[in-house]
Amino acid sequence: MGLSLVEKLWARHCVADLGDGTDLLYIDRVLLHERTGSMALKGLKEQGRAVRHPDRAFVCMDHIVDTLPGRSDTTIMPGGTAFIHETRAAAAEAGIRVFDIGDDRQGIVHVVSPEQGIALPGATLVCPDSHTCTQGGLGTLAWGIGSTEAAHALATQTLVVKRPKTMRVRFDGALPPGVGAKDMILHLIAAHGAGGGSGYAIELAGSAVSALSVEARMTLCNMAVEFAAWTGLVAPDAKTIDWVKGRPFAPKGDLWDAAIADWQGLVSDADAVFDKEIRIDCAAIAPTITWGTSPQHAVPLTGHVPDPDTAADATAAQARRRALDYMGLKAGDALVGLPIDGAFIGSCTNSRLSDLRAAAAVLKGRKVAAGIRAICVPGSMQVKAAAEAEGLHLVFQAAGFEWRESGCSMCFFAGGEHFGKGQRVVTSTNRNFENRQGPGTRSHLASPVTVAASAIAGHIADPRSFLGEG
Amino acid sequence: MQKFTRLTGIAAPLFRANVDTDAIIPSREMKKVSKEGLGEGMFADWRYSDVANRVENPDFILNWPCFRKAPILLAGPNFGCGSSREHAVWALQDYGIRCVIAPSFGAIFQGNCVRNGILPLVLPEPSVAALAQAATPQLLTVDLAAQSVRVPDGTELPFTIAPADKEMLLEGLDAIGVTLKRLPAIRDFEGSYRARNPWLFF
């Protein structure tokens, strides 16, 4: 019987079999940010323990830093400055590199790491952040952990991990116009539930995944955690290798040649057996948007808010009722046409150059509707610079979007900026939980093109109406 | 780490699906680089009708007099999904919760519980739902060594847990200390691993 990609990567990192389905795995990269990484570094220091390989750990300032122009260590998030200062000091003491405020490589950790060539195909990578699975888009075995586990990884360069079950999700067929990776993953979660991936490492595969850009694959993998998966990944291919080549921390010369020879073999064997397989026909995927407070509360954009009584069970029905109350909606309401107050493009889900290009194509020559607060936060300062080199910032600004410095920004509310109580926001982020973007803020998750189209219309709008033919 | 062996206490029902770690501890309640004092912010958006002034919402289950000091939570499926923030576990711990019983957990949250002496206990959904919907507060006895939950009518509900998690909780192990004992094996592995994958080293 052949092996799946996850099983192959597991085997090559297995230091010791600890019995009962648990292994000690070798960890190639540890990433930290100032929100939770600070606690990992503090914990180690309190225990008097050292970081074993500081050269393979990296810190990104992304969660608490402001994204307003002219920012400094002072933040509008209460207590935020302490997180920045303590993380910076602890990283310096441990000898860990920091992509700090003012560094032209600063940005969201899951954007910066692939962009800098830190995440590599076939490597293991952990970060005390749930969206670490994003980096699975490169074929990296990357997963989110807590701060205590991050301290373990820093001190030992290993983690004790239970072997996950394996799942393959095959997306086949051509994506319809106006449909992208964000719609694919929302579609999957809506169909199989926010707990559908629980206990699984998921390989995202199929002709539609092969056809995606590497950046779009990161969007797809980003929300594996919203599917409750242990992680998600896509097998590396020629596109991945092209994408990684020449990045600052990627191997060079002979090491590069050896690396790509290895990476070309990082695929699931034809006779690999998965614990579960799901097949999705991409022709059936429409632009998708959430109506409720769980990522599984997603429907085709042209659809309607479902009736709680049609939910699978009483628990799901109760969750739908709570969600309707929070979102100020009722069963049967149409999504298209629902008036909005805000539009947000950013986050580790959808803030890479290809996302900004797609949104700009919708925004070009158009204006955000009156009264809509529209914000674009590039995923990294490198993305921002690349976008500006193409003039994309001018498109966003002319349309009426704020054009920000990089960071996690308003993907979550930490006591600083927010959209406001009862405000309805279409957002390219990953979580529509109650109060996630601010107390009482109503978040609708969607693709960057749907966010852009909705900002222009002033209500939830179908991006296909703005994309010319098709 | 605090050990978990046996616990008898009232179980407070919070049987909702997909309760995320943002709900358990909103980001704005994480005010310091510290594990301490997070209990006050636990479930802040549900627990307080006026969060800023800490005015309690009398309808929230943990504000009912019979559940205020409950050391056990009866939770819905996928409890602790979402953000990796270990602060969610530190908040529960600071408040006094020692065990969460649910049909399933968010993976990172579950791991964080075990590393902080909180037992994430999985029971089938109908069992949890029945306990959560009982007319009177349920006094439960959780015995980790025996892997059983005794409910008020005397029934013993068995549960499974990964042996490594069980050992860590029963012994209150320092996980880093345990792994560091394997440092010679890690170094050996590292040498051969580096020879096979030199591009992963700087």
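**Exercise 1. Describe the interface of chain B and chain A, beginning with one ion pair and going on to counts, area and composition.**

*Solution.* Begin with R436(A), which forms a salt bridge with D22(B), the closest N and O atoms being 2.8 Å apart; a salt bridge here is a side-chain nitrogen of Lys or Arg within 4 Å of a carboxyl oxygen of Asp or Glu. The model is a predicted one, in which local features need pLDDT of at least 70 and side-chain atom pairs count only at pLDDT 80 or more, whereas totals for chains, interfaces and linings use all residues. Residues are numbered from 1 along each chain as its sequence is written, chains are lettered from A in the order in which they are written, and side-chain values use heavy atoms, with hydrogens and water left out.

Next, take the counts: between chain B and chain A there are 5 salt bridges, and 56 residues of chain B are in contact (heavy atoms within 4.5 Å) with 74 residues of chain A.

Then turn to the area: the two chains bury about 5,200 Å² between them, 59% of it on carbon and sulfur atoms, where buried area is the accessible area (1.4 Å probe) that two parts lose on being put together, summed over both. Of the area that chain B buries against chain A, V33(B), W199(B) and F202(B) supply 17%, more than any other three residues.

**Exercise 2. Describe how domain 1 and domain 2 of chain A meet, from their bounds to their salt bridge.**

*Solution.* First fix the bounds, which are 5-263 for domain 1 and 290-466 for domain 2 and come from an automatic or database domain assignment. The C-alpha centres of these domains of chain A lie 24 Å apart, and the contact takes 41 residues from domain 1 and 43 residues from domain 2.

Second, consider the area buried between the domains, which is about 3,200 Å², with carbon and sulfur atoms giving 58% of it. On the domain 1 side, T67(A), I108(A) and K182(A) lose the most area to domain 2, together 20% of what that side buries.

Third, look for charged pairs: across this domain interface the rule finds 1 salt bridge, and E226(A) forms a salt bridge with R431(A), whose closest N and O atoms are 3.1 Å apart.
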